[in-house]
Amino acid sequence: MTKKDADAGGFSTQERAAMKERAAELRAGARRTKGAEKAAAEEAELLAKIARMPDGDREMAERVHAIVTAVAPDLAPKLYYGQPGYARDGKVVVFFRSGQMDKERYSTFGVSTQAALDEECGFWPTSYALAEPTEQAWEQLGDIVRRAAGTRQL
C-alpha cells in the first residue's frame, strides 16, 4: 500500500486493480459452460495473461506453467486475481504473481490453503521469491508443486 492509501485505511492502486480483475474473472466464469470448453477457455486466458507479462516475468511464468502442467496435470490452469493459478475442483492450489506487474522487487510462487504441504511441526512456507531462479530452484519448485498437488490430509 502506498502511505496515503494506508493512512486513509484504503487499498493501494495495485490492490484495487487485483480485486477488479478477480471480480471480472468470477463474472466470466459464471457465464461459461461446464467441462472441456470451460477448461480450454480458462487455460487460453491464463496463457494470454502470461504472454502480456513483461520480459523476465513472462519467462518465469512460462516455466512455472510448464512445470505445473508436467508434474501436476490434474491441476487446472485459471486466472487468480489476474495472475496464473492452478486449481483442483475450482480452488487454486498454487499460483504465480508477477513482481513487475505488482510493482514489487521480485515475483512470487505461492501455495494456497488447498495445498498439501502441512508439516507436523505446524510451520511451513506459503510463498517463495523468484528472482532469476537457478536450475536447482526450478527443481525445488517442481518438488513443491508435486507435494502441494498431493492428496490432502484430513
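At what angle do the axes of helices α3 and α4 cross, and within what distance do they come? The axes come within 8 Å and cross at roughly 150°. The views below take up this pair of helices and other parts of the protein, all in a predicted model.

**Figure 1. Overview of the predicted model.** The protein has five helices and five strands. Read from the N terminus, the order of these elements is α-α-α-α-β-β-β-β-β-α. Of its 154 residues, 38% count as buried. Among contacts between residues at least 6 apart in sequence, 47% join residues at least 24 apart.

**Figure 2. Close-up of the contact between helix α3 and helix α4 (residues 57–71).** The two axes come within 8 Å of each other, with a crossing angle of roughly 150°. This makes α3 roughly antiparallel to α4, since angles over 145 degrees are counted that way. On the α3 side, the contact is made by Glu43, Leu46, Leu47, Ile50 and Ala51. On the α4 side, Arg58, Ala61, Glu62 and His65 take part. Sorted by class, the contact of α3 with α4 consists of five nonpolar, one polar and three charged residues.

**Figure 3. Helix α3 (residues 36–51) and its buried face.** With 16 residues at 1.5 Å a residue, α3 should span 22 Å, and this agrees with the 22 Å between its end C-alpha atoms. Buried in α3 are Glu42, Leu46, Lys49 and Ile50. Seen down the helix axis, these buried residues fall within an arc of 100°, so they line one face of α3. An α-helix has 3.6 residues a turn, so residues three or four places apart point the same way. Ala36 and Glu37 are exposed and sit on the face of α3 turned away from the buried side. Of the buried residues, Leu46 and Ile50 also belong to the contact with α4.

**Figure 4. Helix α5 (residues 135–148) and the elements it packs against.** The 14 residues of α5 should span 20 Å at 1.5 Å a residue; the end C-alpha atoms are 20 Å apart, which agrees. The buried residues of α5 are Trp138, Leu141, Gly142, Ile144, Val145 and Ala148. Around the axis they cover an arc of only 160°, which puts them on the same side of α5. Gln136 and Glu139 are exposed, on the face of α5 turned away from its buried side. The buried residues of α5 pack against α4 and against three strands, β3 (91–97), β4 (107–111) and β5 (127–130).

**Figure 5. Surroundings of Glu21 in helix α2.** Glu21 has a relative accessible area of 32% and is therefore partly exposed. Not counting residues up to four places away in sequence, Glu21 touches Lys49, Tyr81 and Gly82. Among these partners, Lys49 is one of the buried residues of α3. Glu21 and Leu79 are 58 residues apart along the chain, and their C-alpha atoms are separated by 9.1 Å.

**Figure 6. Surroundings of Arg22 in helix α2 (residues 13–31).** Arg22 is buried, because its relative accessible area of 17% falls under the 20% cut-off. Leaving aside neighbours within four places in sequence, Arg22 is in contact with Leu79 and Tyr81. Tyr81 is also touched by Glu21.

How values were computed. Residues numbered from 1 in each chain as written. Predicted model: local features only at pLDDT ≥ 70, side-chain atom pairs only at ≥ 80, totals over all residues. Heavy atoms only, no water. Helix = DSSP H or I, 4+ residues; strand = E, 2+ residues; numbered from the N terminus. Expected span 1.5 Å × (residues − 1). Buried < 20%, exposed > 50% of the residue type's maximum accessible area, 1.4 Å probe, protein only. Arc of directions from axis to C-beta. Axes fitted to C-alpha atoms, helices over the stretch in contact; angles between N-to-C directions. Parallel < 35°, antiparallel > 145°, perpendicular 65-115°, else oblique. Contact = heavy atoms within 4.5 Å. Nonpolar A, V, L, I, M, F, W, Y, C, P; charged D, E, K, R; others polar.
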